[in-house]
Amino acid sequence: MEGLASKVLLVSKHHKERIIAPLLNKIGIQLEVIQNFDTDQFGTFAGEIPRSEGPKVTVREKCLRGLAHSGQRIGIASEGSFGAHPIIPFVQANEEWLYYIDLDRQIEIYAKSLSTEITHDFISSKEKEQLGVFLSKNGFPRQGLVFKDLTQNKIIQKGIQDEKALYKLVSQYSNWQIETDLRAHLNPVRQQNIALATQDLIKRLSSLCPKCAYPDFSIKEYSGALDCEWCGHPTSSYRYQIYACNQCQHSIEVMRNDKKLEDPQYCQYCNP
Ligand SMILES: [Zn+2]
Ligand SMILES: [Zn+2]
């Protein structure tokens, strides 16, 4: 790929390079993992350090600080979050962001993957007899666990992947909660989602503007309206995808290729 850097700094811990590096290698990018830099200052999952901003803001800040720390110019950072799905009510989702920046060429790319397949679960001492079910359901021991003492409201141990150690804690405390560890190296489902976010980044890095050749020539907006397939009235579903360049503002309108007409269930005349 023309102009793509071959050496890039990865601002991350929890061994995310094991997921991200082999994928980026295929397009000629070599990742170098940042050293002596504590990314936990940006918030942790087990709740000791609250995250002050949303993941999109945090991932950018982390990347810029990591580049400043190491004196490098091109970096990638990764950030995940767990919470309510942005569109579907009552559904939990895991959103994984990857951020790429080239300070010299002023290329800035956000890539992400949203998944409703998540391992974000917990069990307390009140449901002690369900512990075996909880462990197999969540894929223990590949999925790591966090053990909390609810009486002191304190994390006793994180990253538990040993059954004996877990049951020892269970016997030592009476009022406990066990949670799935959300850190990437202890959460196989999250690892899959980080791989998907990496694929999105690769797609964006490889999609060059036809006018100025900057990367991330991608869908930025939608326009138009699909007609209802029963009554022909315009619906609120978009008709065109607008691909645009962040650098030169060149854009093209492309008719969506998944459907030409909209289902009447989305028509305000047929299904008000
Ligand atoms: Zn352009
Ligand atoms: Zn209609």
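This is a short talk on the domains, sheets, helix packing and a few backbone details of one chain, and the model I am describing is a predicted one.

Let me start with the overall division. The domain assignment splits the chain into domain 1, which takes in 7–118 together with 186–206, domain 2, which covers 122–181, and domain 3, which covers 220–266. If you take the centres over C-alpha atoms, domain 1 and domain 2 are separated by 28 Å. Where these two meet, four residues of domain 1 are in contact with 10 residues of domain 2, and the side contributed by domain 1 consists of three nonpolar residues and one polar residue, with no charged residue among them.

I turn now to the five-stranded sheet. Its strands follow the order β2-β1-β3-β4-β5, and the sheet is open, with mixed pairing. The edges are taken by β2, residues 30–33, and β5, residues 107–115, and because each of these has a single partner strand, one side of each is left without a neighbour in the sheet. On average, and with direction ignored, neighbouring strands of this sheet are turned by 25° against each other. To look at one pairing in detail, strand β1, residues 7–11, runs parallel to β2 and is joined to β2 by four bridges, and within that pair L9 is placed opposite E32 of β2.

Two helices lie across this sheet, and I would like to take them one after the other. Helix α1 lies across β1, β2 and β3, the last of these being residues 74–84, and α1 runs at about 155° to β2. Helix α5, for its part, lies across β3, β4 and β5, where β4 is residues 92–102, and the angle that α5 makes with β5 is about 145°.

How, then, do α1 and α5 pack, in angle and in distance between their axes? Helix α1, residues 17–25, and helix α5, residues 188–206, pack at an angle of about 30°, and their axes are 9 Å apart. With angles under 35 degrees counted as roughly parallel, that angle makes α1 roughly parallel to α5. The crossing in which α1 passes α5 is right-handed. On the α1 side the contact is made by I19, I20, L23 and L24, and on the α5 side by Q191, I194, A195, T198, Q199 and I202. Sorted by class, the residues of this contact comprise seven nonpolar and three polar, with no charged residue.

Next come the strands of domain 2. Strand β6, residues 122–124, runs antiparallel to strand β9, residues 176–180, and three bridges join the two, with F122 standing opposite E179 of β9. Strand β9 also pairs with β7 in the antiparallel sense, this time over five bridges, and here F147 is the residue that stands opposite I178 in β9.

Further along the chain, an open sheet of three strands has antiparallel pairing and the order β10-β12-β13. Its edge strands are β10, residues 218–223, and β13, each with a single partner strand, so that one side of each is left without a neighbour in the sheet. From one strand to the next, the twist averages 30°. Within this sheet, strand β12, residues 240–244, pairs with strand β13, residues 251–255, in the antiparallel sense over five bridges. Two of the residue pairs can be named: Y243 has I252 of β13 as its bridge partner, while Y240 has M255 of β13. The two strands β12 and β13 form a hairpin with six residues between them, and in the turn Q249 has a positive phi of about 70°.

Finally, there are two loop features that you may wish to inspect in the model. Which residues does the cis peptide bond join? The bond lies between F140 and P141, with omega about 10°, and P141 is placed in the loop between α3, residues 131–137, and β7, residues 145–149. The other feature concerns F90, a residue other than glycine whose phi is nonetheless positive, near 65°, and F90 is found in the loop between β3 and β4.

Notes:
Residues are numbered from 1 along each chain as its sequence is written. Chains are lettered from A and ligands numbered from 1 in the order in which they are written. This is a predicted model: local features need pLDDT of at least 70, side-chain atom pairs count only at pLDDT 80 or more; totals for chains, interfaces and linings use all residues. Axes are lines fitted to C-alpha atoms, for helices over the stretch in contact, and angles run from 0 to 180 degrees between N-to-C directions. Angles under 35 degrees count as roughly parallel, over 145 as roughly antiparallel, 65 to 115 as roughly perpendicular and the rest as oblique. A crossing is left-handed if the near helix is turned anticlockwise from the far one by less than a right angle, and right-handed if clockwise. Two residues are in contact if their C-beta atoms, placed from the backbone, lie within 7 Å. Ala, Val, Leu, Ile, Met, Phe, Trp, Tyr, Cys and Pro count as nonpolar, Asp, Glu, Lys and Arg as charged, and the others, Gly among them, as polar. Domain bounds come from an automatic or database domain assignment. Two strands pair if DSSP finds at least two bridges between them.
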